[in-house]
Amino acid sequence: MNRARLIKKEETANRVSNELREKKPPRVKRRREVITEWIDKRRQDRKDPRKDFAALFTQPQIS
């Protein structure tokens, strides 16, 4: 038989928290990163409609 061993609360809490961290699938984080990068890129690529409209009525500058 094995010897009896004292189990401390901290050890069980740490073990449970480590197990929970390990159970998360890494692809969830990856999806979230991809989506946020895509949204940021769309914001940067977006043109200002006011500038586009103003460009229709400006005179071309010949230098």
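Ile35, Trp38 and Ile39 together make a nonpolar surface patch of about 310 Å². Trp38 is a residue of helix 2, and with a relative accessible area of 53% it is exposed. The value counts as exposed because the cut-off for that class is over 50%. The model in which this patch appears is a predicted one, and confidence in its parts is taken up further on.

The overall fold can be stated briefly. The chain contains three helices and zero strands, so that, read from the N terminus, its elements follow the order α-α-α. Helix 1 covers residues 9–23 and helix 3 covers residues 49–56, while helix 2 covers residues 26–45. The chain has 63 residues, and 0% of them count as buried. In terms of the cut-offs, this means that 0% of the residues fall under 20% relative accessible area. The accessible surface of the chain amounts to about 7600 Å², and carbon and sulfur atoms account for 53% of that surface.

Helix 2 also carries charged pairs. Side chains of opposite charge can pair when their charged atoms come close. A search of the whole structure for salt bridges returns two. One of them joins Arg43 to Asp40, with 3.9 Å between the closest N and O atoms. These partners are separated by about one helical turn, because Arg43 and Asp40 stand three residues apart in helix 2. The two ends of the bridge fall into separate accessibility classes: Arg43, at 62% relative accessibility, counts as exposed, whereas Asp40, at 40%, counts as partly exposed.

The side chains of Lys41 and Asp45 form a salt bridge as well, with an N to O distance of 4.0 Å. Here the spacing along helix 2 is four residues, so Lys41 and Asp45 are again separated by about one helical turn. Lys41 has a relative accessible area of 53% and is therefore exposed.

Aromatic contacts are the next topic. A pair of aromatic rings is described by the distance of the centres and the angle of the planes. The structure holds one such pair. It consists of Phe53 and Phe57, whose ring centres lie 5.1 Å apart and whose planes meet at 65°, an edge-to-face arrangement. The pair is classed as edge-to-face because the angle between its planes is over 60 degrees. Phe53 and Phe57 are both exposed.

How far does the predictor's confidence extend over the chain, and where is it lowest and highest? The average pLDDT of the chain is 81, and 89% of the residues score at least 70. Confidence is lowest in helix 1, where the mean is 76. Helix 3 has the highest confidence, at 90.

Methods: Residues are numbered from 1 along each chain as its sequence is written. This is a predicted model: local features need pLDDT of at least 70, side-chain atom pairs count only at pLDDT 80 or more; totals for chains, interfaces and linings use all residues. Side-chain values use heavy atoms; hydrogens and water are left out. Helices (H or I, at least four residues) and strands (E, at least two) are DSSP runs, numbered from the N terminus. Buried means under 20% relative accessible area, exposed over 50%, partly exposed in between (1.4 Å probe, protein chains only). Accessible areas come from the Shrake-Rupley method with a 1.4 Å probe; for residues, only the protein chains shown count as cover. Rings of Phe, Tyr and Trp (its six-membered ring) pair if their centres lie within 6.5 Å; planes under 30 degrees apart count as stacked, over 60 as edge-to-face and the rest as tilted. Patches are made of residues with over 30% relative accessible area and no salt bridge: like charges are joined within 9 Å, nonpolar side chains (Val, Leu, Ile, Met, Phe, Trp, Tyr) within 5 Å. pLDDT is the predictor's confidence in each residue, from 0 to 100.
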